[in-house]
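I opened the structure today and kept notes as I went. The entries follow the order in which I looked things up.

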Amino acid sequence: MNDMRLTERTVDATDIKISARKVQVFYGTTHAIKDVDVDILDKTVTAFIGPSGCGKSTFLRCINRMNDTIDICRVEGDILLDGEDIYNKKVDPVQLRARVGMVFQKPNPFPKSIYDNVAYGPKIHGLVKNKAELDEVVESALRKAALWNEVKDRLDAPGTGLSGGQQQRLCIARAVATSPEVLLMDEPCSALDPIATAQVEELIDELRENFSVVIVTHSMQQAARVSQRTAFFHLGNLVEFGETGQIFTNPRDPRTESYITGRIG
Amino acid sequence: MTLADMSQHRPSLYTKDARTKARNSAEKRFRIYGVVAVGVGVLALIVLLSSVLGSGLGAFRQTMLSLPVTLDAKLLDPKGNRDPADLAKATTITYGKLLSQALEAAVTEKGLAPEGMKTKEIGALISKEAPAILRNQVLAKPELIGTTIDFEALAGGRIDGFFKGRVTMESAALDSNVSPAQLELAQKMRDAGMIKLALNPAFITNPDASELRPESAGLGVAILGSAYMMIIVLVLALPIGVAASIYLEEFAPQNRFTDLIEVNIANLAAVPSIVFGILGLAVFINFAGMPQSSPLVGGLVLTLMTLPTIIIATRAALKAVPPSIKDAALGVGASKMQTIFHHVLPLALPGILTGTIIGLAQALGETAPLLLIGMVAFVKDYPAAPPEGFLDPAAALPVQVYNFTQRADPAFIERASGAIIVLLVFLLAMNILAVLLRRRFERRW
C-alpha cells in the first residue's frame, strides 16, 4: 500500500445504485449477517473485506438473490436496486440476475465453446434478434473482458480448455454480455496466479466505466488497488464502510485497524 | 533413553527393521488375496462360458436331410383343380407318408437301405415337423404339385443328437424312439452326403415347438416378446424415471415426506422381483383386466422394476454435476428449468444413459415376475406388429430358457443353452452400447 496514493483517490459518481438497510441473514438458526446498512454507488468499485466467515460473500450473494437456492437461508431487511426492493414478492430473481451479474470464486465456464459461453446469457434473455447481433454482443463482451485478442481465432474451442486466468475473464465476459448494471465478484482472483490476477484487476478498473462493481476479496492489497470504497465485515457485522483511502490510512474503528495491520483475520 | 541417545543409535537405512518387514509382508499378503479373488472370478466366468457355449453352440447347427420329393398330384390334389380349400384337405399325415416314401426311394437308389427295415422306420429319420414345412411350402406355391423338388428335410431330434454326440448306439438300444439300425442308416447317409449339419437360422426365427420335436424349437416368439417388452420399458421408465429424479433432486423441498419417498425408492430397488410379478398379476391382469401373457403387462411389470434403478442412477448422475455450473447458469439469469435442461441434464446424460441401459439389461434377464403373469405359457404364434402386438400372447427370452429346461427330451438342454447364448449376446450388446454412449457424451469440465 506504499505506492497507491490512496488518499488522492476520489469517487466521482454519487448516484446510489444499491442501498441496503438493516439486512439480516439467517442460515437456519445461525445469524450470519447482522444489521448491515450499505450504499453502493454507480460506476464505482466497492470492495468487501474481512476475515473468513465474516459474511461478506453471504451479503454479496444477497444482492442478486443467489441465496435463494439455499433452502435454509432467510434474508430480512431491505435491499433496493434503483429504489426497488429486490426481495419484493413481485420480483422474479431470474430477471434480477440479468441486471445484477455475478462472477464466482472459481472460474466456472460452461463445458461449451467460448462463443456459446458468452452467447448464452443474451440468448436466454432474448437480447438479440439475429446471429449478426449476437456475434457483435459476443465480440464486445469479450473485448470488455480483455479476452478478445487471445481467443478471436478459436471461438469454437471449449471454454474449459483456456488457462485459469483466461477462464475467469471468460466468466467476466459471460456476465458482461447480458449488459448488467451491477457486477458482483466473489473473490474472482483467489484461484489465479499473480499475472492473471493483475490482468483481472486491470479489467475491473476498466469495467468501472460502465458498471457498478462489488468485489469480495481476501487480499487487502487487492481491495486497495482496485476499489474506491471499502466495507469491512467482521463476525457478520459491517464494522466500517467508507472511501478506500480513508479505510486503509485512517480507520475509525479499532477492529478495522487490527485487521488491516494483520492482527486479526 | 533421551532423544540425543536415540539419534546416536539410529540403524542403517540399508537394513529393514521389524515393523517395516511386518508392514511389507502384510501388503504382500493383501495383494495375494486380491489376485486370488480376481482369479476365482475369472475362473468362474470361464467355466460358465465354456459350459454354456459347449452345450449351446450346437443349437445353431441343425442336421438336415436333402432328398428329392415327387409331389404326387393324385395324393395331394385328388380333384385336380388346385383349389386352395381342397389342397388344404391333404393333412400332414399325407405329406408325412410322401416324405417317408421319398426317403425310402432315395436310400434304396443309393443302395443304403438296410434289410427288412419298414418304410415307416426309415421315415422316422425325418422330423415330425418336416411334413408341416413341406405342406406350407406347397400351399404357398400350388404350382409345385406334380413336380419333383429338392427338399431339405429337418432330421429327427435323435438323429440330430447322434451327429452332435448326444445319442450313441448304446443309448439308442435302450431308447424306444430310435434304434441302432436307424442310426447306422443315418451314418451311411451322412457318408453318402445325404445328411449334413447346416447352419440353423430357424433357431432364431422359429416359434417354440412341442416336447416331441425339439429340432424345430426356436426363439422367434421369445425374442419378439422380449423386444416388445424392452420397448415398453424404455418408453415408460426413461421419461418417468428421469422426470421423477429431476424433480426429487432439483425441485422437491427437503422434508419428511420426500425423505420417505427417497427411502422407499431405495427399498423398491431391493424388492424381490417375484413380488413385482404378484403385483402385476393383481393390478394389471385381475384388476385392470389386461390380457395375460401379453408383452404389455410384462413391460409394465418390468417398468416398475426398472424405475428404481433408473431413478437412483439418474439422481447420482445429477448430483455429480458440479454446483459451480449451476451457479454459473443461475448467475447469468437462467431460470431453474433452463439451468437444468441447458446445463445439468446434458452433463448428467452419460450417467443417465448408462443407468437406463443397465436397468434395461436387468429387465431383459428378469424371469420370475414374468412367470406369474402368464408369460410362461407355450406360445406358438408370433405376436402381431406393434401396437396391437403388445396385447398378443408372447414369450420372453429368459422364460424360454426356463421352459426349455423343464422339458424331458435331452435335446432341449442344447436349446436352453443356445437360448442363454442369445440372451448373453443381447446383454453384451446392450452393455457395449452403454459404454459407447458414455464415451460419446462424456464431457470434461
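**Entry 1: a covered helix in chain A**

I began with helix H1 of chain A, residues 56-63, and found it mostly covered, with eight of its eight residues buried. I wrote down the buried residues of H1(A): Lys56(A), Ser57(A), Thr58(A), Phe59(A), Leu60(A), Arg61(A), Cys62(A) and Ile63(A). I noted that charged side chains are on that list, including Lys56(A) and Arg61(A). Following H1(A), I came to Arg65(A), which has a positive phi near 60 degrees.

I should record here that the model is predicted.

**Entry 2: positive phi elsewhere in chain A**

I then looked up two further residues for their backbone angles. Asp35(A) is not a glycine, yet its phi is positive, near 50 degrees. I placed Asp35(A) within strand S2 of chain A, which runs over residues 30-41. Is Asp35(A) buried, exposed or partly exposed? I read a relative accessible area of 45% for Asp35(A), so it is partly exposed, since the exposed class begins over 50%.

Leu235(A) also has a positive phi near 50 degrees and is likewise a residue other than glycine. I found Leu235(A) in the loop that links strand S9 (229-234) with strand S10 (237-243) of chain A. Its relative accessibility is 56%, so I entered Leu235(A) as exposed; the cut-off for that class is over 50%.

**Entry 3: chain A as a whole**

I counted 10 helices and 10 strands in chain A. What radius of gyration would a compact globule of 265 residues have? The expected value is near 18 Å, and chain A has 18 Å, so the two agree. I noted the span of the C-alpha trace of chain A along its principal axes as about 55 × 45 × 30 Å.

Of the 265 residues in chain A, 57% are buried. I looked at contacts in chain A between residues at least 6 apart in sequence, and 68% of these join residues at least 24 apart. The accessible surface of chain A is about 11,600 Å², and carbon and sulfur atoms account for 46% of that. I also checked the charges of chain A: 32 are positive and 37 negative, and their mean positions lie 3 Å apart.

**Entry 4: chain B as a whole**

I turned to chain B and recorded 20 helices and three strands. I applied the globule figure here as well: 445 residues in a compact globule would give a radius of gyration near 22 Å, but chain B has 32 Å. The C-alpha trace of chain B spans about 110 × 65 × 35 Å along its principal axes.

Buried residues are 43% of the 445 in chain B. Among chain B contacts between residues at least 6 apart in sequence, I found that 78% join residues at least 24 apart. I entered about 23,300 Å² for the accessible surface of chain B, with 65% of it belonging to carbon and sulfur atoms. Chain B carries 40 positive and 35 negative charges, and their mean positions are 9 Å apart.

**Entry 5: Ile232(B) and its neighbours**

I picked Ile232(B), which sits in helix H12 (residues 220-251) of chain B. Ile232(B) has a relative accessibility of 7%, so I listed it as buried; buried means under 20%. Which residues does Ile232(B) touch, leaving out those up to four places away in sequence? I listed Ala237(B), Pro295(B), Leu296(B), Gly299(B), Leu300(B), Thr303(B) and Phe390(B). For one of these, Leu296(B), I looked up the separation from Ile232(B): 64 residues in sequence, and 7.1 Å in space from C-alpha to C-alpha.

**Entry 6: a cis bond in chain B**

I found a cis peptide bond running from Pro386(B) to Pro387(B), with omega near 5 degrees. I located Pro387(B) in the loop between helix H18 (368-372) and helix H19 (397-405) of chain B.

**Entry 7: confidence**

I left the scores for last. The model has an ipTM of 0.85 and a pTM of 0.82. Chain B has an average pLDDT of 88, and 98% of its residues score at least 70. Where in chain B is confidence lowest, and where is it highest? I found the lowest mean, 64, in helix H1 (residues 3-8) of chain B, and the highest, 95, in helix H2 (residues 18-56) of chain B.

Definitions and conventions. Residues numbered from 1 in each chain as written. Chains lettered and ligands numbered in written order. Predicted model: local features only at pLDDT ≥ 70, side-chain atom pairs only at ≥ 80, totals over all residues. Heavy atoms only, no water. Helix = DSSP H or I, 4+ residues; strand = E, 2+ residues; numbered from the N terminus. Rg over C-alpha atoms; globule rule 2.2 N^0.38 Å. Buried < 20%, exposed > 50% of the residue type's maximum accessible area, 1.4 Å probe, protein only. Contact = heavy atoms within 4.5 Å. Areas by Shrake-Rupley, 256 points an atom, 1.4 Å probe, with all protein chains shown as cover. Charge placed at Lys NZ, Arg CZ, Asp CG, Glu CD. pLDDT = per-residue confidence, 0-100.
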